[in-house]
Amino acid sequence: MHSRFISAAVLALCLAVLLPACSRQPRSTADIPRTLSKSYSIAVAPFTQPTTTSQLIVGQLPENQGRIPSADLPALDMALRDVLLTQTQRQYTFVPRNAPLPDKMRFHDSNQPQALPHWLAFAQTLKTDLLLVPQVIDWHQREGSRAGVTRPAHVRLEFFLLNAKQGIIMSRSNYEVEQTGLTNNLLNIGDFLKRQGGWVTAEELAREGMVKAAKDMDL
């Protein structure tokens, strides 16, 4: 009982010290509010996972890239649809998964990203102002249960908002998280409480990334 009291006291002290500090200023430029005109029409592509460098829009693939089973991608599509329709005040056109998406085309072998022109061309065929392209870059599912793990979930998602007419990346949101225990990093106490002290799945982390993307891009 005494040890439980001490643990509770330490937790309360950490909250009192850390949470006000976290609220003082934005942690990155992505936290600074942006204004995106409500007049834009926005299409949303289904999730894809680049597996070669040439399929990337920007950046690099991680070493030992974790692959998401293709059968699990539709569930991410539905989760993103739910986030956009419940947490933003916009209307969207959702591109069906059976559309001829750029990542299914044959890319030349290359050590450089080559997918951006293909996605922009695809956006122009949709006759939309903007195209939201969500991608899974790295995916490692939780090994264990909510109570304890041998390996925590780890995901890296990229979201690109493409302007079809101007041919540019209008905005971008990156989310990469590997869950850690509270004892390993007290700075994660906010996430620890939000996740109710449990070890979450890759899908739950992915949803956090979707919410972050909607805020980053002012959707």
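Student: How many bridges join strand β6 (residues 154–163) to β7?

Tutor: Heads-up: this is a predicted model, where local features need pLDDT of at least 70 and side-chain atom pairs count only at pLDDT 80 or more, while totals for chains, interfaces and linings use all residues. Residues are numbered from 1 along each chain as its sequence is written, and side-chain values use heavy atoms, leaving out hydrogens and water. Strands are DSSP runs of E with at least two residues, helices runs of H or I with at least four, both numbered from the N terminus; two strands pair if DSSP finds at least two bridges between them. Here β6 and β7 run antiparallel, and the bridge count is 10.

Student: Which residue of β7 is the bridge partner of R156?

Tutor: We've just seen that bridges join β6 (residues 154–163) to β7. Look across from R156 into β7 and you land on E176.

Student: Which strands are the edge strands of the sheet?

Tutor: The sheet is open, with 5 strands in the order β2-β1-β3-β6-β7 and mixed pairing. An edge strand pairs on one side only, and that picks out β2 (92–94) and β7 (168–178).

Student: At what angle to β7 does helix α5 (residues 202–216) run?

Tutor: Angles run from 0 to 180 degrees between N-to-C directions, using axes fitted to C-alpha atoms (for helices, over the stretch in contact). Helix α3 lies across β3, β6 and β7, at about 140° to β3. Helix α5 also lies across β3, β6 and β7, and its angle to β7 is about 145°.

Student: Is T88 buried or exposed?

Tutor: T88 is in the loop between α2 and β2, and it touches V83, A214 and L219 (heavy atoms within 4.5 Å), leaving aside residues up to four places away in sequence. The cut-offs are under 20% relative accessible area for buried, over 50% for exposed and partly exposed in between, with a 1.4 Å probe and protein chains only. Since its relative accessibility is 6%, T88 counts as buried.

Student: Which side chain has a polar contact of 2.8 Å with that of T88?

Tutor: A polar contact is a pair of N or O atoms within 3.5 Å; within protein, one must be able to donate a hydrogen and the other to accept it, and residues adjacent in sequence count only if both atoms are side-chain atoms. A polar side-chain atom of T88 lies 2.4 Å from the backbone oxygen of L84. The side-chain partner at 2.8 Å is Y92.

Student: What is the relative accessible area of N64?

Tutor: N64 sits in the loop between β1 (42–44) and α2 (73–87). Its phi is positive, about 50°, although it isn't a glycine. N64 is exposed, with a relative accessible area of 70%.
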